[in-house]
Amino acid sequence: MSNNQKETKNYPNKGKSLPVEKSIKDTVFNIFKKALEENIFDALLIPAKVPDTDAYSWILLQDESLFDIADPLPPVMTVQGGRALSSFSKNGELGLKIAALLRPCEARAVIELFKLHQVDLDNMTLITIDCPGAMPLADYMNDPKKIADSFKKISEKWEISESLRPACQNCHRFSLMDGTGPDLHIGLLGENNKVTLIANSPEGNDLLEKLGFESKDSLDKWKTEKEKLVKEKTKKRESFLKEWQEKTKNPDGFFNELNKCINCHNCMNACPICYCQQCYFDSQMINFKPEIYLKKSREKGALRFPLNTMLFHIGRMSHMVLSCVACGACEDACPVSIPVGRLFSMVGDKTQKQFDYVPGLNREDPLPLQIFKEDEFCEVETPNECEEKATEEVK
Amino acid sequence: MAKAIKIKKNVEEGLFDFLKSLLEKEKINGVFTLKKMDDNGAISYSLITSPDEFKDAVPLYPFMPVNAGKALSSFTLLGKTEEPIAAVLRPCELRAFVELVKRAQGDLENFLIISPTCGGVLSLNLMGDKNQEKIVSQYWTSVQKAEISPDTRETCQFCENFLPINADITVAALGNKDLDKEFILFLNSPKGEEFAKHAEGSAVSEEIETKEINEFRKKREELREKFFKETGKEGEGLKSLINIFAPCLGCHGCSHVCPICYCVLCDFDAKTHEYHSASLSLDLKNKGGLKVPTGNLLFHLGRMTHMAVSCVNCGMCSDVCPVNIPVATVFSKVGSSLQKVFNYFPGKDIEEPAPQGTYKEEEFKTIGEQ
Amino acid sequence: MNDKFTPNIIGFLCNWCSYTGADLAGTSRMKIPPSLKTIRVMCSGRIDPLFVLESFIKGADGVMMMGCHPGDCHYQKGNYNARRRYVMLNSIFDTLGLEKKRIGLWWVSASEATRFAKVTNEYTKEIEKLGPNPTSKEIFL
């Protein structure tokens with residue numbers, strides 16, 4: 001099954017366009033206010049600015065006064081939304097109906113966590129929004145005002161700016177994809193001064209109906225604009241992939257990128273997919289007696305401390321890269337500016353393609369390592385026989 | 001008069017030669033020190049066993065990529081090293097290692113500990129900076145003049161414990177105007193004296209506490225007061241704490257690099273501190289909203305109860321914080337008041353138990369009787 | 001505005017002294033404030049500082065740690081450890097400018113029913129004066 005075949009599921013043809021009166025934020029909030037008032041859901045998960053500070057964080061919002069500090073698209077991605085959602089829903093039995101407004105990469109992480117049984121989607125409505133990207137966290141923390149201003153300009157023009165996070169510059173999945181991901185999508189692209197609500201599941205349809213909206217408006221304009229930008233960003237992504245594959249062609253290139261690593265595991269702790277309570281690489285499984293370390297040191301003349309940084313990165317890759325949603329949270333959290341996000345995204349791209357898997361695209365797609373087919377990857381196992389077989393088949 | 005020798009060489013070069021000769025003469029089997037990884041400016045601790053590999057060693061390079069106490073603990077966690085190893089640590093790293101040894105997380109035996117009088121280390125975000133060499137040379141100028149370098153960590157700028165305790169050999173660097181020509185090694189233990197015989201130096205009689213050192217300490221004390229005053233305003237405790245920790249991502253990087261936080265599984269990463277979805281409706285009813293993930297403040301306050309009394313002020317936590325929270329300053333402030341209350345100096349005496357693990361019957365007599 | 005503030009006080013009571021003392025106060029029909037919610041622990045040494053912190057952060061208006069008098073501990077030294085932990089918490093609260101009155105430690109023996117009634121009533125009054133804990137309404141914790 002190729003990617004193209006996958007992407008033909010009940011794609012919505014119609015949506016609901018709403019005029020923007022004051023601001024996009026205001027229009028979006030009015031929808032949520034109505035939904036909260038009419039008890040369509042009990043709380044909304046949304047980013048908010050902590051009063052009296054420049055910091056953003058996620059809140060579960062119930063009291064309408066909190067809309068004053070909420071922001072659907074803050075200039076930075078603090079905690080990855082998938083992580084935030086899982087933090088309160090992983091044990092299930094929420095007892096409340098919750099809607100979550102997420103960036104598309106965050107929603108994809110949620111879908112992956114759903115497959116890993118780390119979120120409860122029973123009473124959850126996933127809502128995504130067309131995402132202009134976000135600014136690097138470190139830049140924002142150094143000069144919040146300036147970065148917030150430039151983000152505003154960038155997001156208004158949907159510019160693929162160099163000052164966005166690298167992960168966002170190279171992101172071609174910034175909008176709704178043709179899969180069973182979110183329930184509802186908020187389209188910002190397309191006509192100016194219009195917000196388009198697109199139901200992407202029966203639940204999403206229900207929600208629109210309950211809100212009294214009829215999905216009758218055409219999506220053509222949004223689609224054209226979106227696809228134009230997707231094309232542009234796919235091109236950017238391909239050149240990024242090419243550049244980094246070249247950079248890491250031999251092992252040295254890869255090592256050089258990681259040799260600043262101080263083993264703080266911030267990348268792992270910021271990663272939405274790394275959900276383990278006790279990471280294998282924090283465990284005592286890889287401890288040895290001093291004489292073993294001395295022996296290792298003698299083999300090469302020196303032994304680097306902290307130990308096992310390379311094992312950690314490659315090992316972590318083997319654990320999660322098939323589900324990597326390329327959100328860049330790891331790179332934002334790195335204190336020594338290692339391009340972790342780019343490395344993982346590059347490796348993820350290649351590995352995911354091998355399994356014909358797009359993380360977070362469809363809720364039904366099983367995780368690649370949970371299934372197998374008897375007749376797959378013959379080219380890896382016995383390349384010669386495989387070729388013979390292929391030629392026979394052709395005959 | 002302390003035992004000391006003078007070496008007529010640039011301090012970096014002199015220490016390098018001394019360590020290299022120890023390694024070549026097989027007096028020691030390895031040197032644990034900083035090493036250049038690459039041309040991109042990356043510096044990392046290494047256990048160097050071959051004299052050939054020693055060419056990239058930079059023992060006094062002003063970076064602390066990890067707290068060496070933590071690194072040595074991972075080296076000796078399962079037992080002492082049977083072979084003699086020289087280790088170059090900064091005073092706070094040494095104190096951290098002593099604290100870890102106290103907690104059975106390492107072993108000091110067979111180490112020759114060498115530690116400099118410390119002018120601080122540069123912030124980690126300068127590692128790989130295009131001006132790295134320039135910043136480092138400026139750093140050395142400030143060490144020569146015994147001035148506080150503005151590029152150093154905030155915690156370093158107000159650290160008063162910059163003279164090593166428990167080191168076998170102290171490298172006197174701070175306030176030495178002729179640092180590029182000569183420097184002094186203070187020999188604090190018989191072990192230090194024994195090894196120093198292999199250094200090309202002449203015996204001198206000097207005191208470590210010079211006028212420059214005392215003035216330097218005074219400058220740092222002033223800064224300390226200033227930083228402490230600015231962090232956590234009095235009277236509005238909760239609000240100010242919330243504002244300080246508002247950007248916290250909950251990545252727990254601070255605890256991960258902390259040399260005192262040695263637990264394999266931190267309590268705050270464990271199931272115990274997971275949020276129970278059952279309490280969600282109650283919390284929302286009470287507050288109308290809830291920050292998620294919750295528990296940031298509990299994590300920081302809780303971590304304080306676990307380790308602040310042993311905080312050695314190394315500043316690793318602030319340096320790894322991706323959102324620039326002055327973690328080290330807050331912890332240092334709390335730590336120093338706790339250390340005063342319990343009359344405890346972390347990393348000073350290996351025999352002295354950590355305050356949480358002991359008690360005295362006759363202390364705090366009035367508490368609980370009101 | 002006319003609603004009188006009834007504080008929410010969590011008491012961690014050691015099984016052998018304070019809890020028995022509280023029991024005696026009850027059977028002796030002494031008046032104990034309804035604001036006190038007691039949690040029995042086997043020894044005051046069992047009171048993890050995190051229990052106290054978590055109560056505080058989750059909105060308790062006051063936290064009482066109670067145990068046997070020094071020297072009387074059923075496990076010989078548990079209350080000495082508890083005392084150190086309280087001193088530590090107190091010092092942390094003090095340094096950070098948090099309201100340190102919201103946590104406290106009292107020794108109450110099994111026979112001191114009167115003392116139990118006295119300290120719980122006094123502490124409740126003190127907390128009533130102090131008002132509700134701001135953490136109970138704080139979203140960003």
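**Exercise 1. Work out which polar contacts and salt bridges join the two domains of chain A, and what the domain 1 side is made of.**

Solution. Begin with the polar contacts: across the interface of domain 1 of chain A and domain 2 of chain A, the rule finds 22 residue pairs in polar contact, both residues being at pLDDT 80 or more. A polar contact is a pair of N or O atoms within 3.5 Å; within protein, one must be able to donate a hydrogen and the other to accept it, and residues adjacent in sequence count only if both atoms are side-chain atoms. The model is predicted, so local features need pLDDT of at least 70 and side-chain atom pairs count only at pLDDT 80 or more, while totals for chains, interfaces and linings use all residues. Residues are numbered from 1 along each chain as its sequence is written, chains are lettered from A and ligands numbered from 1 in the order in which they are written, and side-chain values use heavy atoms, with hydrogens and water left out.

Next, turn to the elements on the domain 1 side. α1 (3-6), α4 (104-115), α7 (166-169) and α9 (220-247) of chain A each supply at least two residues of the side that touches domain 2 of chain A, where helices (H or I, at least four residues) and strands (E, at least two) are DSSP runs, numbered from the N terminus. The largest share of this side, eight residues, comes from α4(A).

Finally, look at the charges. The rule finds three salt bridges across this interface, a salt bridge being a side-chain nitrogen of Lys or Arg within 4 Å of a carboxyl oxygen of Asp or Glu. D332(A) forms a salt bridge with R165(A), with the closest N and O atoms 3.0 Å apart.

**Exercise 2. Describe the extent of the contact between domain 1 of chain A and domain 2 of chain A.**

Solution. The domain assignment, which is automatic or taken from a database, gives domain 1 (3-243) and domain 2 (260-370) of chain A. The contact (heavy atoms within 4.5 Å) takes 36 residues from domain 1 of chain A and 32 residues from domain 2 of chain A. Between them the two domains bury about 3100 Å², 51% of it on carbon and sulfur atoms; buried area is the accessible area (1.4 Å probe) that two parts lose on being put together, summed over both.

**Exercise 3. Describe how chain B meets chain A, including the pairing of strands.**

Solution. Start with the totals: the contact takes 66 residues from chain B and 65 residues from chain A, and the two chains bury about 5400 Å² between them, 60% of it on carbon and sulfur atoms. Then consider the strands, which pair if DSSP finds at least two bridges between them. Four bridges join strand β9 (residues 302-305) of chain A to β3(B), and these strands run antiparallel; in β3(B), the bridge partner of R304(A) is S46(B). The rule also finds two salt bridges across this interface, and E274(B) forms a salt bridge with K90(A), the closest N and O atoms being 3.4 Å apart.

**Exercise 4. Identify the element of chain B that gives the most residues to the side touching chain C.**

Solution. First, 41 residues of chain B are in contact with 35 residues of chain C, and the area buried between these chains is about 3700 Å², of which carbon and sulfur atoms give 65%. The count between chain B and chain C is one salt bridge, and R84(C) forms a salt bridge with E363(B), with the closest N and O atoms 2.8 Å apart. The elements that give two or more residues to this side of chain B include α11 (296-307) and α13 (327-341), and α11(B) gives the most, with eight residues.
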